[in-house]
Amino acid sequence: MTTLLHDTAPDFDQPIAVLKHCHGRIRKQLATLDKLLAHLPEHGADEQARQAASAVLKYFDKAAHLHHEDEEQDLIPMLRAVAQGEDAATLQALAPVILQDHKDMDALWQDLHEQLNLVAEGGAAALSASAVQRFVQRYTAHMEREESVIAPMAMRLFSSEQMARLGAAMQRRRGLGGETDKPSVGQSVADLRKDYGQASLTEEDVLDDPMLQFTQWFEQALKAEVNEPNAMSVATVSSEGRPSSRIVLVKQFDERGFTWYTNYDSKKAQDLRDNKFAALLFFWSELERQVRIEGRVERTLDEESDRYFRSRPLKSRLSAIASHQSAPIASRAALEENYETVARQAGEDPPRPANWGGFRLIPDRIEFWQGRRSRFHDRIVYERQADGSWTRQRLQP
């Protein structure tokens, strides 16, 4: 195996060329990984193999994630702000795929990381051929997708000022910008903004029943491949009046309300014992939508909690039994020891622990929010009346 010198990188006044240059460097590392896979069975973890493994580790640990951040934090948001018509439709379909690629490639890299570390240290002389193949294929397809669609779109749509802004952001991310040109954190946050414009929401658009309206939006989020459309923030208030929030996954919604499952000894459960009211928030950035829900919370019936608990994967059930959620513990090792103890004792069909089960929020207020240009958003709110019917009205943004 031969160590190749890096090609001279283009200047950041050509940010798309920099992105393509990054792809070139990634392809060289993938080629090195392929060569290493073939080298190890014949030569073992010799000096060449150790150097090659170290080079691949260094690049994907320290540099590849910058390329992902360029796309997630700058390139794709900037394209979303200017794309229209067919470009907007293409971007809406492709952007979630690219973002999912990043997550999948990171997961595949973790599979390889430990193996390459052992080779680099001379402690092992083999790599999983299937792991290497999946990693190389996924990265290659990802880069081809970007080069055939995203890069040409940016070249067509971005003005010289937008190219300069993209290049400056990429330069700062790599710590290459001059200190005098680098904005303070406060300035950076204050300047962050995105102009929404994918859709509108009128009184004529929405259904009479807010649960049916939520179902319609949820199905559209699924169709648009929104990242974790079932993720929602749950906000509770303690007996001292201190609010707190966290992300959980809704497991069921119907005319009765929105259901999630948790440990009944957790912080959120303690809050709900003292204050039965809570708020939920769904945010689907890909569709520029959010849904705010308020109402009273009650526990689900034991039969419902039992049924859902049995439907979970075995390891998830064991985790629920082993973890005293929100309680302090000395270390990760102690947590994993608890899990192993439970796994040895629980068998293949452990029963639901009494301190674990479902909560259901019964909504009395549901607001549908659609992002619009210049912060002039659409907001339609439903409120439940004493007889169980719903009224709705528009709110000012």
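Tutor: Contact here means heavy atoms within 4.5 Å. Keep in mind as we go that this is a predicted model.

Student: Which residues of α11 and α12 meet by that rule?

Tutor: On the α11 side they are Lys315, Leu318, Ser319, Ile321 and Ala322. Their partners in α12 are Asn338, Tyr339, Val342, Ala343 and Ala346.

Student: What makes the residues of this contact nonpolar, polar or charged?

Tutor: The contact of α11 with α12 has seven nonpolar, two polar and one charged residues. Lys counts as charged, and Lys315 is among the α11 residues that meet α12. Ser and Asn are on neither the nonpolar nor the charged list, so they count as polar; Ser319 and Asn338 are the residues of those types here.

Student: How are the two helices arranged, and what is the hand of their crossing?

Tutor: The axes of α11 and α12 are 9 Å apart, at an angle of about 115 degrees. Their crossing is right-handed.

Student: What joins them along the chain, and why is Ser326 called exposed?

Tutor: Ser326 sits in the loop between α11 (314-322) and α12 (332-346). The cut-off for exposed is over 50% relative accessible area; Ser326 has 54%, so it counts as exposed. Its phi is near 80 degrees, a positive value in a residue other than glycine.

Student: Why does Arg375 get another label, and where is it?

Tutor: Arg375 belongs to the loop between β7 (356-370) and β8 (378-384). Partly exposed covers what lies between 20% and 50%, and with 38% Arg375 is therefore partly exposed. Phi is positive for Arg375 too, near 65 degrees, and this residue is not a glycine either.

Student: Let's go to the helices near the start of the list. How do you know what the relative direction of α4 and α5 is?

Tutor: The axes of helix α4 (residues 85-120) and α5 cross at roughly 150 degrees and come within 9 Å. Angles over 145 degrees count as roughly antiparallel, so that is the label for α4 and α5. The crossing is left-handed, and the contact comprises 16 nonpolar, four polar and nine charged residues.

Student: Why is Val136 called buried or exposed, and where does it sit?

Tutor: Val136 is part of helix α5 (residues 129-157). Buried requires under 20% relative accessible area; Val136 has 13%, so it is buried. Not counting residues up to four places away in sequence, Val136 touches Leu30, Leu33 and Asp34.

Student: How do you know how far apart Val136 and Asp34 are, in the chain and in space?

Tutor: Along the chain they are 102 residues apart, and their C-alpha atoms are separated by 8.3 Å.

Student: What about Gln29: why does it get its burial label, and what does it touch?

Tutor: Gln29 lies in helix α1 (residues 15-43). The limit for buried is again 20%, and the 10% of Gln29 is under it, so Gln29 counts as buried. Its contacts, leaving out residues up to four places away in sequence, are Ala55, Val56, Tyr59 and Phe60.

Student: How does α2 pack against α4?

Tutor: Helix α2 (residues 47-62) and α4 pack at an angle of about 145 degrees, with axes 8 Å apart. The crossing is left-handed. From α2 the residues include Arg50, Leu57, Phe60 and Asp61, and from α4 they include Trp109, His113 and Leu116.

Student: What is the make-up of that contact by class?

Tutor: It divides into nine nonpolar, three polar and two charged residues. Arg and Asp count as charged, and Arg50 and Asp61 are the residues of those types in the contact.

Student: Why is His113 called buried or exposed, and which residues does it touch?

Tutor: His113, in helix α4, has a relative accessible area of 19%; as the cut-off for buried is under 20%, His113 is buried. It touches Leu57 and Asp61, not counting residues up to four places away in sequence.

Student: And for the whole chain, what are the overall numbers?

Tutor: There are 12 helices and nine strands, and buried residues make up 40% of the 397 residues. Among contacts between residues at least 6 apart in sequence, 70% join residues at least 24 apart. The C-alpha trace spans about 75 × 60 × 40 Å along its principal axes. The chain exposes about 21,700 Å², with 50% of it supplied by carbon and sulfur atoms.

Note on methods
Residues numbered from 1 in each chain as written. Predicted model: local features only at pLDDT ≥ 70, side-chain atom pairs only at ≥ 80, totals over all residues. Heavy atoms only, no water. Helix = DSSP H or I, 4+ residues; strand = E, 2+ residues; numbered from the N terminus. Buried < 20%, exposed > 50% of the residue type's maximum accessible area, 1.4 Å probe, protein only. Axes fitted to C-alpha atoms, helices over the stretch in contact; angles between N-to-C directions. Parallel < 35°, antiparallel > 145°, perpendicular 65-115°, else oblique. Left-handed = near helix turned anticlockwise from the far one by under 90°. Areas by Shrake-Rupley, 256 points an atom, 1.4 Å probe, with all protein chains shown as cover.
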